[in-house]
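Thanks, everyone, for making the time this morning. I would like to walk you through two parts of the structure that I am about to put on the screen, and I will try to go through them slowly.

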Amino acid sequence: MPILEIAAKYTTYAVMAVILVFALGVVTLRNLFHCALCLAAALIGTAVLYVVLQAEYLAAIQILLYVGAVVTLVIFAIMLTEHLAGKTVRQNNSQSLPAIAGLLGFVSLLTALILKTPWPVTPTALQAKVLVMGLGKALMGDYVFPFEVISIVLIAALIGTVVIAKKDQPEEKA
Amino acid sequence: MVTSDQILLVPLLPFLAFVVNILAGRWLKDRAAWLSIATSSAACGIALPVCWAVFQGAHFAHQGTWLMLGSTPLRFGYLMDPLSATLLFMVTVVGTLIQIYAAGYMHGDPRYSRFFAYVSLFMFAMLTLVISDNYLLFFMSWEIMGLCSYLLIGFYFEKLSAANASLKAFLTTRVGDVGFLLGFLTLFAALGTLNFSEMNTLLAGAHKTHFVLNTGLLATAALFIFCGTIGKSAQFPLHVWLPDAMEGPTPVSALIHAATMVAAGVFLVARSFTLFMAVPNILPVVTAIGTITAFMAAFIALTQNDIKRVLAYSTISQLGYMVTALGLSGLGAGTFHLITHAFFKALLFLGAGSVIHGTHVQDIREMGGLFKKMPHTAVTFIIASLALAGIPPLSGFWSKDEILLAAFGSGHFLVYGVLLLTAFMTAFYMFRLIFLTFFGAARNPGVHAHESPALMTVPLWCLATGSVLIGIPGSPFMHHWFQTFIAQMAHYPEYDPSAFVMACSIAVAVLGIALAGIMYLRQKHWAAAVAKTFPSFYRLSFNKFYFDEFYFAYVVKPFQSLGRALFRFDETVIDGTVNNAGRATLFVSAVKQWIDTYIVDGAVNFMGTAVYFFNSIVKRIQTGILQNYLLIVFVSVLAFLFFELKF
Amino acid sequence: MTITIPPTIRGIEFSADMLFVTAKAWILTLLGRFLPDWLIVLASITISGVVILCLGPLIMMYLTLLERKLIGRIQNRYGPNRVGKWGLLQPIADGIKMFTKEDIVPAKADKVVHLLAPIAIVVPALMIFLVVPFGERMTAVNLNIGLLYFIAVSSITILPIFMGSWASRNKYSLLGGMRTAAQMISYEIPMTLAVVPVIMMSQSLSTNTIVLTQEGSYDMNWFIFTPWGIVGFVIFFLCATAECNRPPFDLPEAESELVAGFHTEYSGMKFALFYMAEYMNAFTLCGIAVTLFLGGWQGPFFPSWLWFSGKTFVLICVMIWFRGTFPRFRVDHLMGFAWKFLLPLTLINILLTALWQFTSNLAAWLWSILILGVSLWTLVKLNRTFVPEKRHYLLES
Amino acid sequence: MIILPLPHILIFSLLLFAIGIYGALVRRNIIGILISIELMLNAANINLIAFSKYTSLAPETGQIFALFVIAIAATAAAVGLAIVLALYRVRKTVQADEVHLLKW
Amino acid sequence: MTLFGWGVLKGMGVTFKNFLTSYFRKPDEGGIFTVQYPEEREGTAENYRNFPFLVYDGAPEKIRCVACGICERECPPKCIHIEMELDAAGKPARKPAVFDIDYGLCMNCGMCEEVCPFDSIFMDHAFEVAAPERQIGLVRHKKELLKSNEYFREIRPALASAIDQKRKAVEEKKKAAAQPASSQSSGGTGSL
């Protein structure tokens, strides 16, 4: 179906563009809450991109973990730290000009590099389909050690978070 | 039904009580006693069927390797033969009854739970000792018992005398224990085993197979092992600790220093009986020690005024009897007397405890006429005394008669005579005690006696029943069943019952009682008159043969002098050396200080100053603002990339 | 995403079971006469989409009516019975009212976000419909990660609620939003874990496959007829009730404390959209519960879609029944219930399922019931009600 | 199946990454920095998946590492935000350049 | 200890029973107690009071009210407006020409009924007084307020009969007083 495929391809480019727009929103918007919402949108767009790259499982996980958990967490933090009445504080510090200069260099450097590199795209890999079951077997087989390490890291982070965020015991009043 | 491994629970249950009581005693409070009693009763409940099975002829043993000594395995295990079954029966029953009694006696004591913790630990040790099948385990529990004895004698450690007494008991028995340790190590060298059964087999087999035993080494071993008995069972040279041990609570005296622990020494000899038989030269020594102890202690007991001290000397005397019996190869007689003695002497001590509990005095001169006020105590006390004095058909008569028979039958007439005299003295001093305590007029109006609570009198009656009945299995009524039963253990000469011996025995007992009755109830001035007539004897008896003074002068004093001399040496020679070394060090360090201050410190300070100078220039990069660092990192990475990729 | 023409649509015999499938096939065939193939694909998608887009609001409308009728009956009332026969036109009347109401936006509100929130909240609610198997061959998109998709998409629901609550600039809205977020995150975890046994047993994340796994003689292969299944179902259903903020878990919109929670400042159609999302979520969650535990469309005699609708209807009635029965939870109890009771129980349930897989006989039943009983008892004991000491207030003298 | 040229995806993720770096460098609010870091991680994830899809013979690998990255990102967010909250409690600010005690 | 969750099930049982019984039980036995108002109505209690009305005997002309204005004075919200009718001679005809009550103002206190010495004004049972407009629509004029004594007897039989008896007694007394007065010509007014 050439028409549909071309449509899908350009839709994908459109999705990419939308992601970039939202990403720009993340770093430029003044209202931090809007930033977080833009982040959520960008992440959902990325999930769509994952689907395009045939990583459906990861797309679902992306939405579940990033949008469902991380963004919620961020919004919680924003609500707890930001006073609701919008103060007009400066959101950017004074080093944006050197940052932009450096980034331009960075982007041009790497773009040139990407375009120059002959990527070993293998047709067999393009045909391969990753099933959830295969993913699970790999996770429980070859990658079981990093998997366990991640679980330990998560638990450590959980406990650490609780310890850090816990209020200090109120001091006894004399 | 009886499974053999169940026997392991018997010592472990009291140990559980010990652990719980020592850890949670503060919380348990009064329940500590019930925990100990419950575990003891449970141990008793487990032990009795096992004992019954052994009485029926069963035999249990089990071993597990504990460690390898070179190539020789050191095995721990338990052994249930007639001897241990008998002891197990006695220890669990008497121990439980005494603990019940102690629950009443110790009531209100601030260290109530600790007392029961110690008692439970003691029960654990004693039961382990009884069922142990080798010398090492035996010795370990023996030492734990020594510790318990020390702790319990010094239970009222606020009292200086109690603390001293506990120390004395511990150190004195230590002498014997060292002997025991040497003894069984020697035995190990001689036989290569510490196991009782294996030892018996080896020694018994030696006769048949002409297996060459190192008799000299064995004799040494037996002698050393007997040292343990002398210490623990308070035999002649080392008996001095036992009377002082009466500073402890009365149930302790009853349990440890009358019924069980001191009997462990006798049990040791009984356990090692084949060894003693194998080297016959030792037995006369045993006999001599036993006889001397029996006589001497009885003689001392005649003039003592402290109710518990009289009983303590009586205990020593009776232990002497048992040792004599064993020395005369009378394994059955000795063991039998051990059992009966445990019952009635425990009863006597508990009765004495009851009296002390009721009157709060210990001196018999301040008592008198207590029979009316404390009928239960008095009646049970009298039953026990009759048993001790050897009045048929009470238990003491049968066992003592066996010993006398052994002496008489084996032809040791001197020994027989001394023992008979001792029996007379025993009857006399016991009834002196009874008449002074329970009869006559109340001599101290300040004493207001009252009967003890049921918690204390019920064990008294139980033990009284035991004292009456426990002699039956060894009496002609049951055809000397007990002796036959013990005789499974080892072969030893047995003698036909002799009417003459019995008659003599009864006669001296009655005579002693009668004399005591006349002297302390009718003709009260006789006692003083006797003392005046034989002043040297009286003083000898009253001052306990001057043993304590002797030891103080010839053992303690020299050691103290030695200690003082060593202290002088330490003070002058060793301390002097140390001080001089210190001075030398001071001098050297003064020199070093100069070098340190001007050369080393100078270099370090220079470095510091230089670093500080450069630092004041470079530190400006550290703005403390996170994103500046981030930018620096980013730019650096970018530069690195740029140069690395050679654009 | 592969885009292919659906399998050939001719030759499907007519049966009650295949009623809707046949209808769609018939329409597509009809269109196929004069449309290019790629348009047919689009048409196929459009038909499913339109059906779902119509179905969602329709279900929502009549669910409100059903709820009001049932609650009325439970409270010995008639419920709406004036507009149309048995009040059947009541939802339409309500809809008209909602449409015509004035749309009020608070002066200090974040206007864009305030507008976006109700729109955004309907999207995930509708998106879940895609993977609900309404009947045999009646899943809109047969994703191979359908269940994960459902979990992921339903987790987005928090975001619009946050948007709405934050944009309103109202303390009640904000508190309600915070509560909703906390509650939904908390209950998402036991819900996800309650699903895990089903995945373990069916070895698939596809909702279709899960239903097919439960096929069996006399339909006794439904997962609910196993110990872990019934426990999982109960946990899932409770979590589902909490997820769509229905009583007794309706803390976020507790009228007595928070006026109306996160949609306090919404009126008119925006409010209706929030309402719609809530009811559609209730429907889809019940549908997923049916799919996972009650055998989906499986059942004798009747067409599959009827079975599915019937089972879902029963579950929804139970939800309404809950609402008519239970008072609202206290906040700390709510969180404690999720974290201290449901979560351990789900973990035990997962272990149990593993056990079940390896011992499939009578012993497995006994083991399962024993383990479940013991763990339940332990959890109840551990979660026993804490009776605080009587407080003494010091009075200033 | 939609096949985009691999460099396009890479350039896209590069741009996303650059935007993330810009945010991390420029934003004053610490939460903003954290958000930007999430964006960067996301870009890295896209790369991982693209490489595993296009070049790898074991296509699970990239996805699994992306999974790990997501998990780590969640961890980082949780810990980071906890630190932000603690900071806010102590200093009453969440601006990165107002917290600069640790300097010369 | 009861089974865990038993209370939950019991509670659900209660509501389910309610649900079922709502279909076949009578209201007082636990069924639906809703009264479907326009079709079904519950009667009002005799002492129910709503808005005042005026009683006439026989014909609307024979109005009891004498336009004394006591109720007008006593009415707390001042919702009564009375104008005396003047006869041809311009003298007061002891009859109201205008008697208006603003139902929108009336607060249903019943003071007028209490104070009326002529048993003329009473509180009505009619409560469906809705009007499309509140300024004028709720003002009731004399014509609407007048209701017959039969109606009064119908809605409040006990009070009505008591008042009837009282009036009759007064009437007879007056009659009896009038006859001796005519015979003995002793001036004595009847009751006021």
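In chain E of this model, which is predicted, strand 1, covering residues 52–56, pairs with strand 6 of chain E in the parallel sense, and the pairing runs over 3 bridges. If you want one point to look for on the screen, take E:Val55, whose bridge partner in strand 6 of chain E is E:Lys147. These two strands belong to an open sheet of 3 strands in chain E, ordered 4-1-6, with mixed pairing. Strand 4 (121–123) and strand 6 (146–148) of chain E each have a single partner strand and stand at the edges, so each of them has one side left without a neighbour in the sheet. From one strand to the next, the twist averages 50°.

Let me now turn to chain B. Helix 1 of chain B, residues 9–28, contains 20 residues, yet its end C-alpha atoms are only 23 Å apart, whereas a straight helix at 1.5 Å a residue would reach 28 Å. Where along this helix should we look for a kink? The kink in helix 1 of chain B is centred on B:Ile22 and amounts to about 55°.

As for its surroundings, the buried residues of helix 1 of chain B include B:Val10, B:Leu13, B:Ala17, B:Phe18 and B:Asn21, and what covers the buried residues of this helix includes helix 2 (31–55) and helix 4 (112–131) of chain B. Finally, just after helix 1 of chain B, you will find B:Lys29, which takes a positive phi of about 50°.

Methods: Residues are numbered from 1 along each chain as its sequence is written. Chains are lettered from A and ligands numbered from 1 in the order in which they are written. This is a predicted model: local features need pLDDT of at least 70, side-chain atom pairs count only at pLDDT 80 or more; totals for chains, interfaces and linings use all residues. Two strands pair if DSSP finds at least two bridges between them. Helices (H or I, at least four residues) and strands (E, at least two) are DSSP runs, numbered from the N terminus. Axes are lines fitted to C-alpha atoms, for helices over the stretch in contact, and angles run from 0 to 180 degrees between N-to-C directions. The expected span of a helix is 1.5 Å times one less than its number of residues. The bend at a residue is the angle between axes fitted to the seven residues ending there and the seven starting there. A residue is buried if 20 or more other C-beta atoms lie within 10 Å of its own, exposed if 12 or fewer, and partly exposed in between; C-beta atoms are placed from the backbone. Two residues are in contact if their C-beta atoms, placed from the backbone, lie within 7 Å.
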